[in-house]
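Let's take a walk through a protein model together. Have a look at the picture first, and then we'll pick out a few spots.

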Amino acid sequence: MMEPLFLKPVFQEKIWGGQKLAQEFNYDLPEGKIGECWAISAHPHGPSQVENGPYAGKYLNELWQSQPELFGNPQGEVFPLLTKILDAEDSLSVQVHPDNAYAKAHEGELGKTECWYIIAAEPDSYLIYGHNAKNHQEMKDMIESGDWQHFLKKLPVQAGDFVFVPSGTVHALNKGIVALETQQSSDTTYRLYDYDRVDMKTGKKRALHLQQSEDTITVPFVAPKLKLQQQKIGANSVITNYVQPPISPFFAVWGIQVHNDQIQFQHQLGAYTLYSVIAGAGVLTIADQEYQLPLGTHFIIPATIKDWKISGANIQLIASESTEE
């Protein structure tokens, strides 16, 4: 199979979402507060469907089981990654995600380490990222008394920033941010605080998960030290290595900017590569076959393809690979 897998996004309504993804990426959104575009997903809560080639109409989770050669004949039972684009029209809940061991024992799925590339941010935007508690008892006291002012750390962000969020990290995207998220394929979120919002559908406040949060928060918080490496490729293009093992045990993520170039690529640390076009447009070439890459396109280069080219006057992509066997 010498074709890429172009994937149809799945849109998820969220209390904090909006309609910005239609404006930013020309998506045909359903009505309502659309907070998440599940762009490359094999998770049962929103699997992506292949749009082209011999597997058109198949879901990614089906292909993982029926065509393992596309993914290098992996050992894992589930497709390990999930790519999203998030529109935080309002602030997300303050939350934490479990690691693999806790999630398997309590939720029956993978844990959730994730990262964000900030696509757009309104002036003075910030994240909740980490906390100030020195030990578990102090953490517990601050959470249960609702002392969010002293407990939570804030991180100012702007477009182009990259943030790595290991499992166990207290975090939240805040109002006015659009981000591409690369994460383990998990839908487990433990809410610490939700601004006392009422769900319009149920008329009730959304559930909090204080015990699970206290079980899984890493104390004390130490921000990961990323070693961003930028390399010029071709005449005018740049690839940025955002994160990879050992800092990130589960995936590697790159940013790619192609300017008036045609650049050849190969799989780097994994058997297959995930791509999302987050700015501009271009062309993907595989064995002399061309595929258009408009803004908002998401695709996988399977393990059966060994090299490919991306060209364009000005196209920006985020690429990721699973680094698990």
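Start with Tyr242, which counts as buried because its relative accessibility is 9%, and anything under 20% falls in that class. Keep in mind as you go that you're looking at a predicted model. Phe162 is another buried residue, at 12% relative accessibility.

What kind of aromatic pair do Phe162 and Tyr242 form? Their rings are stacked, with 4.6 Å from centre to centre and 10° between the planes. Now find them along the chain: Phe162 sits in strand 10 (residues 162-165) and Tyr242 in strand 15 (residues 237-243). The pair links distant parts of the chain, 80 residues apart.

That's one example, but a search of the whole structure turns up 20 aromatic pairs. Another of them is made by Phe6 and Tyr291: the ring centres are 5.9 Å apart and the planes meet at 45°, so this pair is called tilted. Phe6 belongs to strand 1 (residues 5-8) and Tyr291 to strand 19, so here the pair ties together parts 285 residues apart in sequence. Phe6 is buried, with 10% relative accessibility, and so is Tyr291, at 13%. Both of these rings are also members of one aromatic cluster, together with Tyr275, Phe299 and Trp308.

Two members of that cluster lead us on to Thr297, since Phe6 and Tyr275 are among the residues in contact with Thr297. You'll find Thr297 in the loop between strand 19 (289-293) and strand 20 (298-301). Is Thr297 buried or exposed? It's buried, because its relative accessible area is 11%, and the cut-off is under 20%. A polar atom of the Thr297 side chain also lies 2.6 Å from the backbone oxygen of Pro294.

Next, turn to strand 12 (residues 177-184), where 8 of the 8 residues are buried. Which strands pair with it? One is strand 5 (residues 81-88), which runs antiparallel to strand 12 and is joined to it by 8 bridges; Leu81, for instance, has Gln184 as its bridge partner. Strand 7 (residues 114-121) pairs with strand 12 too, again in the antiparallel sense, over 7 bridges. There, Glu114 is partnered with Gln183.

Last stop: Arg191, in strand 13 (residues 190-193). An unreviewed UniProt entry places the feature "active site" at Arg191. Its contacts further off in sequence include Ser93, Gln95, Ala207 and His209. With Ala207 there's a detail worth zooming in on: the backbone oxygen of Ala207 lies 2.8 Å from a polar atom of the Arg191 side chain.

How values were computed: Residues numbered from 1 in each chain as written. Predicted model: local features only at pLDDT ≥ 70, side-chain atom pairs only at ≥ 80, totals over all residues. Heavy atoms only, no water. UniProt positions renumbered as here; feature names shortened; annotations may be inferred. Helix = DSSP H or I, 4+ residues; strand = E, 2+ residues; numbered from the N terminus. Contact = heavy atoms within 4.5 Å. Polar contact = N/O pair within 3.5 Å; in protein donor to acceptor, adjacent residues only side chain to side chain. Buried < 20%, exposed > 50% of the residue type's maximum accessible area, 1.4 Å probe, protein only. Pairing = 2+ DSSP bridges. Phe/Tyr/Trp six-rings, centres within 6.5 Å; stacked < 30°, edge-to-face > 60°. Lists of a residue's contacts leave out its neighbours within four places in sequence.
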